[in-house]
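Colleague: Could you take a close look at the largest pocket of this model, and then place it among the other spaces and contacts that can be described? A connected account would suit me better than a list.

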Amino acid sequence: MISAERRPATAVEPDTQALPILFLHGIDRHYRQGDVTLEILRGAELAIWPGQSVALVAPSGAGKSTLLHVAGLLEQPDAGEVYIDQIATSVLSDAERTRIRRIEIGFVYQFHHLLMEFSAIENVIIPQMIRGLSRQEATQRATDLLGYLGLKDRLSHRPAQLSGGEQQRVAIARAVANAPRLLLADEPTGNLDPRTSEHVFSALTQLVQASGLAVVVATHNMDIAARMDRRVTLKDGLVVELD
Ligand code: ADP
Ligand code: MG
């Protein structure tokens with residue numbers, strides 16, 4: 001458990017009863033590039049509560065992807081602790097970390113990373129079946145999710161037969177297929193035109209509101225950032241609250 005004193009002062013806490021679903025504490029991350037060490041994160045603190053939507057707005061190269069990868073247990077920090085739902089993840093085995101990543105966390109990337117040889121619905125069914133759901137249950141949930149995201153007439157299309165915006169909506173459906181508690185989206189509309197981008201984001205926000213999921217979205221789009229509950233940026237390796 002995280003005691004109240006350890007909660008970072010920068011965070012807005014919407015519900016005093018709730019504990020953060022994600023707590024990054026004293027995170028350092030550096031990369032060695034030849035003789036130079038790039039210090040990307042230096043003691044970064046960030047807490048996200050269930051149901052919160054947070055925009056991570058920072059220039060290219062600031063460390064947004066690094067922060068999301070650390071938060072999503074895809075990369076280990078050089079120092080500090082990542083708590084997912086109060087669990088300190090640094091002391092876990094790789095298998096336990098993988099399990100938390102599969103169950104608690106959904107990830108959406110700038111490029112969709114869908115399985116190209118499978119249809120839209122199969123892309124959303126497969127992670128659920130890996131998790132242990134029956135094909136019938138997984139198909140039902142995939143149909144509901146894709147329908148919710150405006151893709152009910154695209155279920156059997158393969159990714160190559162979908163537009164960029166449709167591909168990203170399938171990627172969102174896949175990321176939330178196993179009902180994670182935390183969704184991390186790394187410039188999910190970075191490749192889309194403004195109108196499509198708006199469409200994808202509306203779908204994402206509705207889904208977040210309907211499910212009580214917490215979401216962190218790295219984005220350059222200020223209109224989108226303005227609609228999130230909080231906006232944060234990266235400055236000198238720290239997460240800083242905007243507004
Ligand atoms: P952003 O997502 O905000 O554009 P990144 O987190 O991708 O930024 O990268 C932050 C900085 O760290 C960049 O300068 C990038 O070149 C560097 N970087 C990222 N990953 C690596 C790596 N694996 N090895 C070396 N440098 C890296
Ligand atoms: Mg990035």
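Modeller: The lining of the largest pocket comprises ten nonpolar, six polar and five charged residues. The model is a predicted one, and what follows should be read in that light. The volume of the largest pocket is about 630 Å³. Its lining is formed by 21 residues, and those nearest the centre are Arg101, Arg102, Ile105, Pro127 and Arg174. Four elements each give two or more residues to this lining: helix 2 (94-104), strand 6 (105-108), helix 3 (120-131) and helix 5 (164-176).

The second largest pocket has a volume of about 190 Å³. Among the 13 residues of its lining, Arg141, Leu207, Ser211, Gly212 and Leu213 are closest to the centre. Two or more lining residues come from each of helix 4 (135-148) and helix 6 (194-211). By class, the lining of the second largest pocket holds nine nonpolar, two polar and two charged residues.

Enclosed space can be treated in the same manner. Rolling a probe the size of a water molecule over the atoms shows where empty space is left. One cavity of 30 Å³ or more is present in the structure, and the largest cavity contains about 60 Å³ of space. Its lining consists of Val70, Leu73, Glu75, Gln76, Pro77, Gly80, Glu81, Val82, Thr89, Ser90 and Arg97. Strand 4 makes the greatest contribution to that lining, with three residues. The classes represented around the largest cavity are four nonpolar, four polar and three charged.

Strand 4 also takes part in an aromatic contact. Two aromatic pairs are counted in the model. One of them joins phenylalanine 23 to tyrosine 83 in a stacked arrangement, with 5.5 Å from centre to centre and 15 degrees between the planes. Because phenylalanine 23 belongs to strand 1 and tyrosine 83 to strand 4 (residues 79-84), the pair ties together parts that are 60 residues apart in sequence.

The ligand can now be considered. The residues around ligand 1 are Tyr31, Gln33, Ile40, Pro59, Ser60, Gly61, Ala62, Gly63, Lys64, Ser65 and Thr66. Grouped by class, this shell contains four nonpolar residues, six polar residues and one charged residue. Where do the polar contacts of ligand 1 fall, in backbone or in side chain? A polar backbone atom of lysine 64 is 2.8 Å from an oxygen atom of the ligand, and a backbone N or O atom of glycine 63 lies 3.0 Å from an oxygen atom of ligand 1. Threonine 66, by contrast, uses its side chain: an N or O atom there is 2.6 Å from a ligand oxygen atom. Of the 560 Å² of accessible area that ligand 1 has on its own, 63% is covered by the protein. Strand 1 (22-33) and helix 1 (64-71) are the elements that supply two or more residues to the shell. Helix 1 provides the largest share, namely three residues.

To return to the request, the largest pocket is thus lined by 21 residues, with helix 2, strand 6, helix 3 and helix 5 each giving two or more of them.

How values were computed: Residues are numbered from 1 along each chain as its sequence is written. Chains are lettered from A and ligands numbered from 1 in the order in which they are written. This is a predicted model: local features need pLDDT of at least 70, side-chain atom pairs count only at pLDDT 80 or more; totals for chains, interfaces and linings use all residues. Side-chain values use heavy atoms; hydrogens and water are left out. On a 1 Å grid over the protein atoms alone, a cavity is a set of points where a 1.4 Å probe fits but cannot get out, and a pocket is an open set with protein on both sides within 12 Å along at least five of seven lines; lining residues have an atom within 4 Å of a point. Grid points are joined across faces, edges and corners, and a volume is the space filled by probe spheres set on the points. Ala, Val, Leu, Ile, Met, Phe, Trp, Tyr, Cys and Pro count as nonpolar, Asp, Glu, Lys and Arg as charged, and the others, Gly among them, as polar. A residue is near a molecule or strand if one of its heavy atoms lies within 4 Å of it. A polar contact is a pair of N or O atoms within 3.5 Å; within protein, one must be able to donate a hydrogen and the other to accept it, and residues adjacent in sequence count only if both atoms are side-chain atoms. Accessible areas come from the Shrake-Rupley method with a 1.4 Å probe; for residues, only the protein chains shown count as cover. Rings of Phe, Tyr and Trp (its six-membered ring) pair if their centres lie within 6.5 Å; planes under 30 degrees apart count as stacked, over 60 as edge-to-face and the rest as tilted.
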